[in-house]
Amino acid sequence: MSKSHTLLAKVIHWTFIILYAYGIFKQVDDLEDLEDKGLLIFEVVFATFFLLIVIVRYFYMRRFKTFLGAREPVHIVHYYFAKTVHRSMYLCLILLPLTGLMIAGLYTQGYKDEDELVISLVLATHEFTALLSYILIATHVSAAIYSRLKGEGVWSSMVPVFNNEKTTTNKIITKISTLEHNIYDRVEVLFSSKKE
Ligand code: HEM
Ligand code: HEM
């Protein structure tokens, strides 16, 4: 039997997506829009709430192993790849509201010109973090779907649908999976030979 994430972990994972999507879709279009005091206050309250949820989530999820649901032992390199993507997602989810709050702070201090060095650097970080979060989440979702195709058990530990998972017997997927393992082996050799 493979392990499953707790109900609370699943609730946090799936409800957080609504919060993230809302944050992305309601985004401020322009620095000048912050002239609207109501919008500015709303953004600050939203970003603070978002930041708190991400921090609480991180500390709650830390206790669980990556690939909790995997039925077979996971390659060490695969494990580190996944951990890196998860940690980078958290970093983006913290930097997004944090840089947003910095923009709000600078704006109220009179930094209202986008061409000024300080605010332009914070705006660029805010925008870059948003872009990086799209890339990381797309990678994460693709990896989850690929894992479901392989039938490793990881999908079912978090996703409430399509979870009658069995190890695949599909020749193409098995071939890709073998290739994937060869790459992990090579990366492992590369890193272990560097240490010697
Ligand atoms: C349809 C979309 C998604 C699917 C199928 C999916 C699937 C999964 C699965 C199977 C896991 C468990 C991995 C493990 O046990 O190691 C997981 C964990 C995780 N997911 Fe997703 N996910 C989706 C969308 C998202 C989105 C949009 C975010 C970010 C906003 C996200 C952030 C995370 C994080 C950070 C983890 C690590 C565990 C944690 O700390 O909560 N996921 N996801
Ligand atoms: C969790 C909170 C937040 C999220 C998820 C978020 C997300 C985004 C996204 C996705 C963009 C578009 C970036 C791009 O062009 O690629 C953006 C732009 C922007 N955000 Fe945020 N934001 C948040 C908080 C804030 C806060 C608190 C402020 C300031 C009060 C703010 C001010 C801005 C401004 C001024 C822009 C426009 C930048 C430009 O001129 O192009 N954001 N935000």
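This passage describes the fold of one predicted chain and the surroundings of its two ligands.

The model is predicted: local features need pLDDT of at least 70, side-chain atom pairs count only at pLDDT 80 or more, and totals for chains, interfaces and linings use all residues. Residues are numbered from 1 along each chain as its sequence is written, while chains are lettered from A and ligands numbered from 1 in the order in which they are written.

The chain holds 6 helices and 0 strands. Helices (H or I, at least four residues) and strands (E, at least two) are DSSP runs, numbered from the N terminus. The order of elements is α-α-α-α-α-α. The radius of gyration is 21 Å, well over the 16 Å of the globule rule for 196 residues, so the chain is more spread out than a compact globule. This radius is taken over C-alpha atoms, and the rule is 2.2 Å times the number of residues to the power 0.38. Along the principal axes, the C-alpha atoms fill a box of roughly 60 × 40 × 30 Å.

Of the 196 residues, 13% count as buried. A residue is buried if 20 or more other C-beta atoms lie within 10 Å of its own, exposed if 12 or fewer, and partly exposed in between; C-beta atoms are placed from the backbone. Among contacts with a separation of 6 or more, 67% join residues 24 or more positions apart. Two residues are in contact if their C-beta atoms, placed from the backbone, lie within 7 Å.

Helix α3 covers residues 76–108. Its 33 residues should span 48 Å at 1.5 Å a residue, and its end C-alpha atoms are 48 Å apart, which agrees. The expected span is 1.5 Å times one less than the number of residues. The buried residues of α3 are Cys92, Leu93, Leu96, Pro97, Thr99, Gly100 and Ile103. An α-helix has 3.6 residues a turn, so residues three or four places apart point the same way. The cover over the buried residues of α3 includes α2 and α4. After α3 comes glycine 110, with a positive phi near 105°.

The largest nonpolar core has 7 residues: Ala47, Phe50, Val54, Cys92, Leu93, Leu96 and Leu136. Such a core is a set of buried Ala, Val, Leu, Ile, Met, Phe, Trp, Tyr and Cys residues joined through C-beta atoms within 7 Å. Helices α2 and α3 each supply at least two residues of this core. Phenylalanine 50 is in contact with Leu19, Gly23 and Pro97, leaving aside neighbours within four places in sequence.

Ligand 1 has 21 residues around it, of which Tyr20, Met61, Thr66, Ala144 and Met158 come nearest. A residue is near a molecule or strand if its C-beta atom, placed from the backbone, lies within 6 Å of it. At least two residues of this shell come from each of α1, α3, α4 and α5 (154–158). By class, the shell around ligand 1 has 15 nonpolar, 6 polar and no charged residues. Ala, Val, Leu, Ile, Met, Phe, Trp, Tyr, Cys and Pro count as nonpolar, Asp, Glu, Lys and Arg as charged, and the others, Gly among them, as polar.

Ligand 2 has 24 residues around it, with Gly23, Val28, Gly100, Ala104 and Ala130 nearest. The elements giving two or more residues to this shell are α1, α2 (37–61), α3 and α4 (117–150). The shell around ligand 2 has 17 nonpolar, 4 polar and 3 charged residues.

Histidine 5 sits in the segment before α1. Histidine 5 is partly exposed, with 18 other C-beta atoms within 10 Å. Beyond four places in sequence, histidine 5 is in contact with Lys10, Phe64, Leu68, Ser157 and Met158. Histidine 5 and valine 159 are 154 residues apart in sequence, yet 9.4 Å apart from C-alpha to C-alpha.

Threonine 15 is found in helix α1 (residues 7–25). With 11 C-beta neighbours inside 10 Å, threonine 15 counts as exposed.

Two phenylalanines carry a positive phi although neither is a glycine. Phenylalanine 67, at about 60°, lies in the loop between α2 and α3. Phenylalanine 67 is buried, with 21 other C-beta atoms within 10 Å. Phenylalanine 162, at about 50°, lies in the loop between α5 and α6 (171–195). Phenylalanine 162 counts as exposed, with 10 C-beta neighbours inside 10 Å.
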